[in-house]
Amino acid sequence: MASKAVTIGDLIHRVASSCLSNRFPGTYTLDGSDLDASDDDDDPFADFGDAADADADAEDECPRPTVRADEGDEEASRLRIWEEAEEEKRRANNAAAAKEAEAKKVEGAERAGDAEALMAEVFDAVSGVRRAYAALQGAHCPWDPDRMRAADAGVVAELRHLARLRDRFRRAAASPGGRIPRPSPSAPPLREAVAPYEAALDDLRRQLQGKQAEVDGLKEKLAAAATRRSNARLHPSKKHHHILAAAPAAEVGAPTAELFVACAEQARAATRAFAAHLLHLLRAAGLDPAAATRSVTKIPVTSPQLAKHALEAHATAVLLGGFEHESFYLDGSLSSLLDPAAFRRERYAQYRDMRGMDPGELLGVLPTCSFGRYAASKFASLLPPRVEEAVLGGDEHKKAGAHPRTPFYGEFLRAAKAVWLLHLLAFALEPPPSHFEAGRGAEFHPEYMESVAGSAPRGGMVVGFAVAPGFKLCNAAVVRARVYLVPRGSRQ
């Protein structure tokens, strides 16, 4: 139903009409005079009141909106519910704020604890680095290669642990929460977990090196035995003048001729390996092996197989140059003449000390020792400048220092160490072995020579060029010279 709009004027009109339409009580007097309750003639507003009453009656006939009591109660109930909801929300917000503040407080305490734990680990790691470095210094004096390797691995492990702590801190600084992750207390640190495997790996590597050395020695022994057997069939009456077996003798207290023979075979094997590596580098550099070998050795090389033997001959001649002098003519020392017995003992002690050393590690610590000066001088005269530039890549090899850590120089150091050990052992013997070399065009003598081809030479063969010199020892044993044979009258 449509309702009429109520205005302020209507309300005032209604109130005024209600007041005028109702008389005052009969006992009420104004200004002390009695008014007759039934006297309407003296009321100046009587007509106006009647008209107002008529209008009010007419308006009462129209329907007006009414406010029911149940609607007021419902509005009050809704207001009360809204207030309760606001209060509940306010209490929830206060509780959440308090909880967040408590969480921030706990997080701050945890971050402080993490930082303290990290700093403690950093100090422990720095102390570990100092201890490992002290162990590395202790391994240098007296010189102990095994201790040096173990101490070096310890220093590297401690530095890696310190680097991991640095990475943890950087990741924590970059993360949104800024928390420093702690290692799980149930799981051991990575360094402690990996350390046994690294030690086992180092042990396996040492065993592998030992086994490889044994295999190389057995191969040399097999080749020497086959050669002796072949020569024994050809010359049964002279078999006692052949080379002794290349088996290591027991080093009880003094050097022996058998030990020198074995050491000579090892030096030859190392020189052959270096020559093969050099030939591989010549091919890798895009050079013609025969032409490059001719420029290096001045030997008329016509085939890659001949180039291998020519490079071996060149490397042997360079490494053994000055072998007859006690210092390879690196200085004018004559210690062997002043006190021969003490000089021999010193040389044999140097041989035993250096035998187990890695030449690269030795020169990394003592680059100017006697062996370092020997290796540097021999390497400088090994290759012509143009070939060295093509094989080693310009001046980068020279800029790396006197003893660069490159694979090529590592192969050269192994061959140089083998010749150096042979030289020490030669001057530890009394008397020192004498060495000899076959000249070009010389007749082949199986008592003093062996062919690099391995098979028994046919008749009419002469020496084309010497590959390795021979040695004659005090007990009449002979280490035969290695020669490359060519047919008589050949220009090669």
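**Group meeting: a helix pair, a one-sided helix and some unusual backbone spots**

Let me open with handedness: helices H10 and H15 cross in a left-handed way. Before I go on, please keep in mind that we are looking at a predicted model.

So how do we describe a pair like this? Two packed helices are described by the angle between their axes and the distance between the axes. Here, H10 covers residues 340-355 and H15 covers residues 407-426, and they pack at an angle of about 155 degrees with axes 8 Å apart. Angles over 145 degrees count as roughly antiparallel, and H10 and H15 are therefore roughly antiparallel to each other.

Which residues make the contact? On the H10 side, please find Arg-347, Tyr-348, Gln-350, Tyr-351, Met-354 and Arg-355. From H15 come Lys-417, Trp-420, Leu-421, His-423, Leu-424 and Leu-425. If you sort the residues of this contact by character, you get 7 nonpolar, 2 polar and 3 charged.

While we are at H15, follow the chain into the loop between H15 and strand E1, residues 434-436, and you will come to Pro-431. The peptide bond joining Glu-430 and Pro-431 is cis, with omega at about -5 degrees.

Next, helix H7, residues 289-297. Its buried residues are Pro-289, Ala-290, Ala-292, Thr-293, Val-296 and Thr-297. How do they sit around the helix? Looking down the axis of H7, you would see these buried residues fall within an arc of 165 degrees, so they line one face of the helix. And what do the buried residues of H7 pack against? Their partners are helix H6 (257-284), helix H8 (304-319) and helix H13 (385-392). Step just past the end of H7 and you meet Lys-298, which has a positive phi of about 65 degrees.

That brings me to my last stop, the loop between H8 and helix H9, the latter being residues 335-338. Phe-328 is in this loop, and Tyr-329 lies there as well. Phe-328 is not a glycine, yet its phi is positive, near 55 degrees. Tyr-329, also not a glycine, has a positive phi of about 65 degrees.

Is Phe-328 buried or exposed? Buried means under 20% relative accessible area, and Phe-328, at 4% relative accessibility, therefore counts as buried.

That's my tour, thanks for listening!

Definitions and conventions. Residues numbered from 1 in each chain as written. Predicted model: local features only at pLDDT ≥ 70, side-chain atom pairs only at ≥ 80, totals over all residues. Heavy atoms only, no water. Axes fitted to C-alpha atoms, helices over the stretch in contact; angles between N-to-C directions. Helix = DSSP H or I, 4+ residues; strand = E, 2+ residues; numbered from the N terminus. Parallel < 35°, antiparallel > 145°, perpendicular 65-115°, else oblique. Left-handed = near helix turned anticlockwise from the far one by under 90°. Contact = heavy atoms within 4.5 Å. Nonpolar A, V, L, I, M, F, W, Y, C, P; charged D, E, K, R; others polar. Buried < 20%, exposed > 50% of the residue type's maximum accessible area, 1.4 Å probe, protein only. Arc of directions from axis to C-beta.
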